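I opened the model to look up how its chains meet and how one pair of helices packs. My entries follow the structure.

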Amino acid sequence: MATMKFLCDTKRCIECNGCVTACKNENDSALEWGIQRRRVVTINDGVKGEASISVACMHCSDAPCMAVCPANCFYKTEDGIVLHDKDTCIGCGYCLYACPFGAPQFPQGGAFGARGKMDKCTFCAGGPEENHSDAERQKYGSNRIAEGKLPMCAELCATKSLLAGDAEMVSAIFRERVAYRGSKNAIWG
Amino acid sequence: MQLTRKSNAAPTVEKKTLGISRRQFMKQAGITSGGIAAASLLGTGMMRRAEAKDVPHDAPTEIKRTVCSACAVGCGLYAEVQNGVWTGQEPAFDHPFNNGGHCAKGAALREHGHGEKRLKYPMKLVDGKWKKLSWEQALNEVGDQMLDIRKESGPDSLYFMGSAKFSNEGCYMYRKFAAMWGTNNVDHSARICHSTTVAGVANTWGYGAQTNSFNDIQNANAIFFIGANPAEAHPVAMQHILIAKEKNNAKLIVVDPRFSRTAAHADLHCDLRPGTDIPFIYGMLWHIFENGWEDKTFIQERVFEMESIRAEAKKFPPKEVANITGCREEDVYQAAKLMADNRPGTVVWCMGGTQHHVGNANTRAYCILQLALGNMGVKGGGTNIFRGHDNVQGATDLGLLFDTLPGYYGLKTGSWKHWSHVWDLDFDWVKSRFDQNSYLGRIPMNTPGIPCSRWHDGVLETPEKLAQKDRIRMAFFWGQSVNTETRQRDVRDALDKMDTVVVVDPFPTMAGVMHRRKNGVYLLPAATQFETEGSVSNSGRSQQWREKVIEPLFESKTDLEIMYRLSQKLGFADEYTKRIAKDEKDVLVIEDITREINRGMWTIGMSGQSPERLKLHTQNWGTFSNTTLEALGGPAKGDTYGLPWPCWGTPEQKHPGTQILYNTSRHVLEGGGNFRARFGVEYKGKNLLAEGSFSKGAEIQDGYPEFTADMLKQLGWWDDLTAEEKVEAEGRNWKTDVSGGIQRVAMKHGCIPYGNAKARCIVWTFPDEIPIHREPLYTPRRDLVSKYPTYDDMQVHRLPTLYKSIQEKDSAAKYPLGLTSGRLVEYEGGGEESRCNPWLAELQQEMFVEINPADAADRAIRDGDTVWLEGAEGGRIKIKAMVTPRVKVGVTWMPYHFAGHMHGESLAANYPEGTVPYVLGESCNTALTYGYDPVTQMQETKASLCQIVKA
């Protein structure tokens, strides 16, 4: 049992988009052109104070998407990962309103611009289907957690900016960095 | 190989783009549909290989160790292969360079196993249509045309454009191929990458390579970037840089016209005007000398002629520097003070420094700054010159260049004799392959060929002005994107004019599609480096052995096989492969090629890196430290990862490799060194050898010249050679003794085979002895031209080269905006390969120009508008405007990875079916202009002019 979290160290993020293509690479079977579960957001672009942060589903402890979903398609794994069932999802987009991070993505499902099923970061933990089944790969992508691995985006991060894992471990790594560089240079500012 | 047919539904909807860049992506993604775009990815009736999703999850998995093929950091990774399909990519957390990390390109590497957009089989253009050929027919036709042209116009009418994507063995065999054909018209993209570095730096202290390693940057207390943006171009290098910043509180200084993604992490950003690097460095040196911050002992012992520099720096007081460079006086002072206060510091530069018509002088200026500060040959110091392509260091080392044989031996008769000896060939036979006449007083065999940057001038120039028999009539473009060369309109004219164009590449590339020909173009599908094996050198001179991940896709063949088959057709295969065994399928045994490289590469110590040692390192990369790069235990105990050259002597001598060049605190047998005695022992009566400085354990405790057989005799060390070594060594020197005996004995006495000299601040064989500021040919500061003029026009090797006649004309009135170019993290080089990778292409869909809000407002241009950008020679491109303060007023910037549009028109119809990249765009080089370094023929892509109007 763990509480899985992401943390992006903005002092290390260089906006190289490695996390974005790592996700595409690993979850290729479930993702199509235009769907990016993870993105890098840059503030103060091109001026002093420029900083970037990689964002995807934060796997909230009290997840707003879960609270508002009318179809009740979300569920939480015992590792604290927020997942959803695409078979139950009605593609209403209510979760997108609720999510503070813009994590839910919607492919164009049909000819009339109807929304398809919602797609979002799974923490590379697949979905409700059987682990590593074809159905899981086609709908949700990889399931690294079942193999004892962490999400691909964090594992491939060029500068070790994006950290993923048990919250305690993630904060221990980050705490050490802050000890070196001082609290003023912790994450923002 | 199983081919399955994909959906036969033809795409009817054009791909919708998501915005002008990743910076805009967030804004627009919400209103764009993925579904329509996705539908068009599938192409019509395209054949493809089985993909990951076709393979059951539990199929047995093979793990291959390979190395990313994007930049020259050399990131390792594990490729998972199931049923012959590259199904997975896992991080190599135990790899000493990258610790599992990758940028966008490395993290998308597995796409190489899909290759949807690849060339599938040999083709030729017949009456405007692509026609499929067999390999046999293709090589026969190409070979026949080569021989016909040779008969009429001589061997120099062929041009061999090579690649920094080849393995070391491929680079070497390509250079050798040109030699066997009998021409020096062979070159590759290092010409337009770091050629000025190689010339400038080698002429300062001996070797033209990165002096330290990426990992060693962790030891720096200051990191000075000039014309370098590793956050986009070498992202994994930032891992080490940010560790230095975190752990040592290292100061980061970025000198760049743009506030780059690297500058976002810097303590100080100096936004100099493009083309003013030399005054900026003199401005720093002015403060250093004025305040006595220079390292006097270091200079006295190890530097020649700092006095000339001191005198020149006096001409650049703060006010003058601010006027020329546009930087604030305070910032230049701060840059100098930060470097002086935080030693050791390292200097990092890339294309922003090299791609200038004064590029060689720029690189010498950076070296001189480090010499003044005493930052050379130490941990955390050095000049960390980041190379671009994954094997551009190896391609340079192996002489895939117009002016040298492998190992920087040059083209003199003695150099040809050395290599003929290595090849086991009769020198007279090698000589007989060349044109024996002389042209404009130059002998082809000993004269540098036509450079990569100007092969088109070799086609278009009148033959009388060329120092060879005839113009270029046929060219191979073997793994090189011609859209990276300036003056694209001339490139297109040259492609049109040649008899035959041959593209050997995994992709059609621009040479295959941007011409207006109806006939005479061949496309031969080459395998990628993941479909073969071989060694690759990273920027830090370390070599790794890539394992083959998958079999060549479709009908592609490996570079080495194509070269070998062609040599068989042309009739010199026996000489070409005399010392190289063939397997039962008549394929060259690659390890034998590596061994032949070892047999010849004494100059740089690429002699100790046997295939067995390299494989041992790669297979045990986890045993090497990710800070020191040394193996504390394991089978390669004591070695430095990848045996960075010089790895002296023979493989049996087990030299550990040299991580830090010129490091006197170590014994030569442990990777120690000193500056190279390359330029003689004295100049105008002044001593060039080191004074009182020597590497640890040297028995000659002062400067000394390079080792020769005679010198060993004088020292009384001759009898340290074995009887067999004496036979080879007699009459030879440390560079030409293929027994390695002279090197072994020198090292036994603690001495460096190449001698022990001072680094020099003046290069008396170059057009400018010391770095001299010269305004760009197309400068916005007309008022500075008379004080800082360029060169007079001159003949460089085989080509006339213009300087003053261009600068004299005032272009600034019509083209008031400065123009410079650079890289995006998602793409690499000419971008043909990376724009064919959907995971990358999705992130950068439009070619754009960055323009300051003030300049945009003057032109009523808003962010995202379509604009026409016209270069100072009239080349026009239709692109998007990105309005951003990232560039300062008066300067514009474009990425150089795009191609496939020209003058606003798409070239998509010219591609063979199913090979059009996901993203096309204008090449910035259509707008970029004339300008070449007089020493290396580097092209000027960093300081030009343009005008922009709303489309």
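I took two residues to be in contact if their C-beta atoms, placed from the backbone, lie within 7 Å. On that basis I found 38 residues of chain A in contact with 48 residues of chain B.

I noted that this is a predicted model, in which local features need pLDDT of at least 70 and side-chain atom pairs count only at pLDDT 80 or more, while totals for chains, interfaces and linings use all residues. Residues are numbered from 1 along each chain as its sequence is written, and chains are lettered from A and ligands numbered from 1 in the order in which they are written.

I then turned to chain B, where I looked up 31 helices and 34 strands (DSSP runs numbered from the N terminus, H or I of at least four residues for helices and E of at least two for strands). Among its contacts between residues at least 6 apart in sequence, 73% join residues at least 24 apart. Its C-alpha atoms fill a box of roughly 80 × 70 × 65 Å along the principal axes.

Last, I examined helix 9 (residues 277–290) and helix 11 (residues 306–313) of chain B, whose axes come within 9 Å and cross at roughly 105 degrees (axes are lines fitted to C-alpha atoms over the stretch in contact, with angles from 0 to 180 degrees between N-to-C directions). I therefore recorded helix 9 of chain B as roughly perpendicular to helix 11 of chain B, a term that covers 65 to 115 degrees. On the helix 9 side I listed B:Tyr282, B:Leu285, B:Trp286 and B:Phe289, which meet B:Ile309, B:Arg310, B:Glu312 and B:Ala313 in helix 11.

Terms used. Angles under 35 degrees count as roughly parallel, over 145 as roughly antiparallel, 65 to 115 as roughly perpendicular and the rest as oblique.
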